[in-house]
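Biologist: I am new to this structure. Please take one part and give me a close look at its charged side-chain pairs, then set that part in its wider setting.

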Amino acid sequence: MIGIATITGFFAKKLVPWKLIGVGLAALAILATVSGGFLYINNLQNNLVESQRELATQRLKTEFEKARAAAIVFDHDTQVERLQKLEGQKMDIENEAAALRKTIEDINLEEDLNSEDHVKADAAIARLNARNTELNRMQSHESGHREVRPGKAAGTKAGKAPAASAFKRAIQALRKDGVHQPD
């Protein structure tokens, strides 16, 4: 309290004019405003530098992730290409295996047809007939032909049975005399 009384007494005696006090206070306000503005701008600059640093870090992370994604896509495409090649090879192997099985069957069929054993020859003929039937069925299916069975259907007349196919006639021509054809 002594300090306030002394200051009040000092101003009460009017040793310092009020104008000088007003100018001093105005100068103090200007100085406070300038220093506050300086600190505010300095803080904004520091925030800007920090934001730029974070942005650069995020850009690096983004570039890294893009490169990683591109590597994954490349690896995926490579794997898909390998799978397609393997599937192609698998199909080639399956086709070759089927062709080899057919060749072996044909060799066995020829041996059985030329055999003196009538059981083997009849079995070979039965296999040929089964193949012929399956081939005719596949051929009819692909051509859009529907099988018509002889007999009376509603509104139709029974027709004549179709002639034997060319394949059946060729097989019959290849048979040795005396070999029975099962139906």
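Modeller: Start with E65 and R68, which form a salt bridge. Their closest N and O atoms are 3.7 Å apart. This is a predicted model, so the distance is computed from predicted coordinates. Both residues lie in helix α2. They sit 3 residues apart, about one turn of the helix. How buried or exposed is each partner? E65 has 40% relative accessibility, so E65 counts as partly exposed. R68 is also partly exposed, because its relative accessibility is 46%.

Why can such pairs form at all? Side chains of opposite charge can pair when their charged atoms come close.

Now go to E50 and R53. Their side chains meet in a salt bridge, with 2.7 Å from N to O. R53 lies in helix α2. E50 and R53 are 3 residues apart in that helix, so about one helical turn separates them. The side chain of R53 also makes a polar contact with the side chain of E50, again at 2.7 Å. What about exposure? E50 counts as partly exposed, because its relative accessibility is 36%. R53 reaches 48% relative accessibility, so R53 is partly exposed. The cut-off matters here: exposed means over 50%. At 48%, R53 therefore stays in the partly exposed class.

Next comes E81 with K85. These two form a salt bridge, and the closest N and O atoms are 3.8 Å apart. The limit for a salt bridge is 4 Å, so a distance of 3.8 Å still counts. E81 and K85 are 4 residues apart in helix α2, which means that about one helical turn lies between them. E81 is partly exposed, because its relative accessibility is 45%. K85 has 52% relative accessibility, so K85 counts as exposed.

How many salt bridges does the structure hold? The total is 4. Among them are E50 with R53, E65 with R68 and E81 with K85.

Stay on the helix, but turn to nonpolar side chains. L28 has its place in helix α2, which covers residues 18–113. L28 has 52% relative accessibility, so L28 counts as exposed. L28 also belongs to a nonpolar patch on the surface. Its partners there are L25 and L31. Together the three leucines have about 330 Å² of accessible area.

How far can the prediction be trusted here? In α2 the mean confidence is 90, the highest in the protein. Helix α1, residues 2–12, has the lowest mean, at 58. Where pLDDT is low, the predicted coordinates should not be read in detail. Over the whole protein, pLDDT averages 78. Of the residues, 67% score at least 70.

Now step back to the whole chain. Which elements does the protein have? There are 4 helices and 0 strands. From the N terminus, the order is α-α-α-α. The protein has 183 residues, and buried residues make up 7% of them. The protein exposes about 16,100 Å². Carbon and sulfur atoms supply 63% of that area.

One last point concerns contacts along the chain. Take the contacts with a separation of 6 or more. Residues 24 or more positions apart account for 52% of these.

To recap the close look: E65 and R68 are paired within helix α2, about one turn apart. E65 is partly exposed, at 40%. R68 is partly exposed, at 46%.

Methods
Residues numbered from 1 in each chain as written. Predicted model: local features only at pLDDT ≥ 70, side-chain atom pairs only at ≥ 80, totals over all residues. Heavy atoms only, no water. Patch = residues over 30% accessible without salt bridge, like charges linked within 9 Å, V, L, I, M, F, W, Y side chains within 5 Å. Areas by Shrake-Rupley, 256 points an atom, 1.4 Å probe, with all protein chains shown as cover. Helix = DSSP H or I, 4+ residues; strand = E, 2+ residues; numbered from the N terminus. Buried < 20%, exposed > 50% of the residue type's maximum accessible area, 1.4 Å probe, protein only. Contact = heavy atoms within 4.5 Å. pLDDT = per-residue confidence, 0-100. Polar contact = N/O pair within 3.5 Å; in protein donor to acceptor, adjacent residues only side chain to side chain.
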